[in-house]
Amino acid sequence: MDLVIYFNGKFVPKQEARTSVYDHGFLYGDGVFEGIRAYNGRVFRLDEHLERLYDSAKAIDLKIPLSKEEMKNAILETLKRNNLKDAYIRPIVSRGDGDLGLDPRKCAKPNIFIITQEWGAMYGDLYEKGLTAVTVGVRRNAPEAMPPNIKSLNYLNNILAKIEANAKGGDEAIMFDVQGNVSEGSGDNIFVIKNGRIITPPTLNNLRGITRAAAIELARKKGIEVVETNMGLFDMYTADEVFVTGTAAEIAPITKIDGRWIADGKPGKITKMLMSAFKDLTKTDGTPIV
């Protein structure tokens, strides 16, 4: 059965979910999106994802023509029409059709798409072995230029980092901000564990990840101290454990950075504990698909 896509209030086959070449989302990356997961018939932290979607839209002065409740219902209905219980969900709001000029006022109304599809383990067997990461020269967008907390359709900054990581043989990139502080991966948040304490960058120079927040909650419930502070290259190389979090990646260990093994080169016990705890959390935490 072909996937059904939500498009501006209608449910259409994916081949018919099309937008104009004059859509400013296509022309300029002018729009916002979210990445959401459903597990075992529940959408994980849907309200938090919708809050972030609407915050991103507000930050770029984009009025979404659906209320949060209407967007939630549209997401759940798209999942039901595709008969999906475990899925990746991508709501997209573009500025809409305009002209070849930059002015968003030329776009009469936004276009809304909701894509839902099956999604497995993003990194395959690397959850058991650990990812290889490489630092890249591409700097994360400066908050005063293009705030990383706007989850926009313009992902070229992240893509450039991924291209460099691919060229260097890395599974993931480690990006720095313009001040030289560790920022994030090409699509996930970064955590370091040292002497039983978890350290992660503050969310000024990286996305306020939903999975990031869940990992912090789980760690603190286990009595593990979590500190948000700036980190440098030295902190990465000398860590006892390193892991990343993201909706697509979930919680994944990094065992090598720039050719240097992290500790003994195997996923650490705290990382593995958090991976297990997160898996358990997704079985019960979420909005039912009914």
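**Exercise 1. The end of helix 5**

Task: Find which residue just after helix 5 takes a positive phi, then work out how long helix 5 is and where its buried residues point.

Solution. Just after helix 5 comes G169, with a positive phi of about 80°. The model used here and in every exercise below is a predicted one.

Step 1. Helix 5 covers residues 156-167, which makes 12 residues. At 1.5 Å a residue it should span 16 Å, and the C-alpha atoms at its ends are 16 Å apart, so expectation and model agree.

Step 2. The buried residues of helix 5 are N157, N158, A161 and A165. Viewed down the helix axis, these buried residues fall within an arc of 95°, so they line one face of helix 5. The general background is that an α-helix has 3.6 residues a turn, so residues three or four places apart point the same way.

Step 3. The packing partners of these buried residues are strand 8 (131-139) and strand 9 (172-176).

**Exercise 2. Helix 3 and the loop after it**

Task: Compare the expected and actual span of helix 3, list its buried residues, and describe N83.

Solution.

Step 1. Helix 3 has 14 residues, so at 1.5 Å a residue a span of 20 Å is expected. Its end C-alpha atoms are 20 Å apart, which agrees.

Step 2. Seven names can be read off as buried in helix 3: M71, K72, A74, I75, L76, T78 and L79.

Step 3. N83 follows just after helix 3 and takes a positive phi of about 55°. N83 is not a glycine. The loop that holds N83 runs between helix 3 (68-81) and strand 6 (87-94).

Step 4. The relative accessible area of N83 is 63%; exposed means over 50%, so N83 is exposed.

**Exercise 3. A second asparagine with positive phi**

Task: Locate N40 and decide whether N40 is buried, partly exposed or exposed.

Solution.

Step 1. N40 sits in the loop between strand 4 (36-39) and strand 5 (42-43).

Step 2. Its phi is positive, about 50°, although N40 is not a glycine.

Step 3. The relative accessibility of N40 is 49%. Partly exposed is the class between under 20% and over 50%, so N40 counts as partly exposed.

**Exercise 4. The surroundings of T116**

Task: State which element T116 belongs to, how accessible T116 is, and what T116 touches.

Solution.

Step 1. T116 is part of strand 7, residues 111-117.

Step 2. With a relative accessible area of 0%, T116 is buried.

Step 3. Leaving out residues up to four places away in sequence, T116 touches L3, T78, L79, N82, L84, Y88 and I89. Two of these names, T78 and L79, also appear among the buried residues of helix 3.

Step 4. The side chains of T116 and N82 are joined by a polar contact of 2.9 Å.

**Exercise 5. Helix 8 and T271**

Task: Check the span of helix 8, then describe the position of T271.

Solution.

Step 1. Helix 8 takes in residues 269-284, 16 residues in number. The expected span at 1.5 Å a residue is 22 Å, and the end C-alpha atoms are 24 Å apart, which counts as agreement.

Step 2. Buried in helix 8 are I270, T271, L274, M275, A277, F278, L281 and T282.

Step 3. T271 lies in helix 8 and counts as buried at 0% relative accessibility. Beyond its neighbours within four places in sequence, T271 is in contact with I193, E241, V242, F243 and P253.

**Exercise 6. The loop at G259**

Task: Place G259 and give its C-alpha separation from Y237.

Solution.

Step 1. G259 lies in the loop between strand 15 (250-257) and strand 16 (260-261).

Step 2. Its relative accessible area is 55%, so G259 is exposed.

Step 3. G259 and Y237 are 22 residues apart along the chain, and their C-alpha atoms are separated by 9.8 Å.

**Exercise 7. The whole chain**

Task: Decide how the radius of gyration of the protein chain compares with that of a compact globule, and summarise the chain.

Solution.

Step 1. For 290 residues a compact globule would have a radius of gyration near 19 Å; the protein chain has 19 Å, so the two agree.

Step 2. The C-alpha trace spans about 55 × 40 × 30 Å along its principal axes.

Step 3. The chain holds 8 helices and 17 strands, and buried residues make up 52% of its 290 residues.

Step 4. Of the contacts with a separation of 6 or more, 71% join residues 24 or more positions apart.

Technical notes
Residues numbered from 1 in each chain as written. Predicted model: local features only at pLDDT ≥ 70, side-chain atom pairs only at ≥ 80, totals over all residues. Heavy atoms only, no water. Helix = DSSP H or I, 4+ residues; strand = E, 2+ residues; numbered from the N terminus. Expected span 1.5 Å × (residues − 1). Buried < 20%, exposed > 50% of the residue type's maximum accessible area, 1.4 Å probe, protein only. Arc of directions from axis to C-beta. Contact = heavy atoms within 4.5 Å. Rg over C-alpha atoms; globule rule 2.2 N^0.38 Å. Polar contact = N/O pair within 3.5 Å; in protein donor to acceptor, adjacent residues only side chain to side chain.
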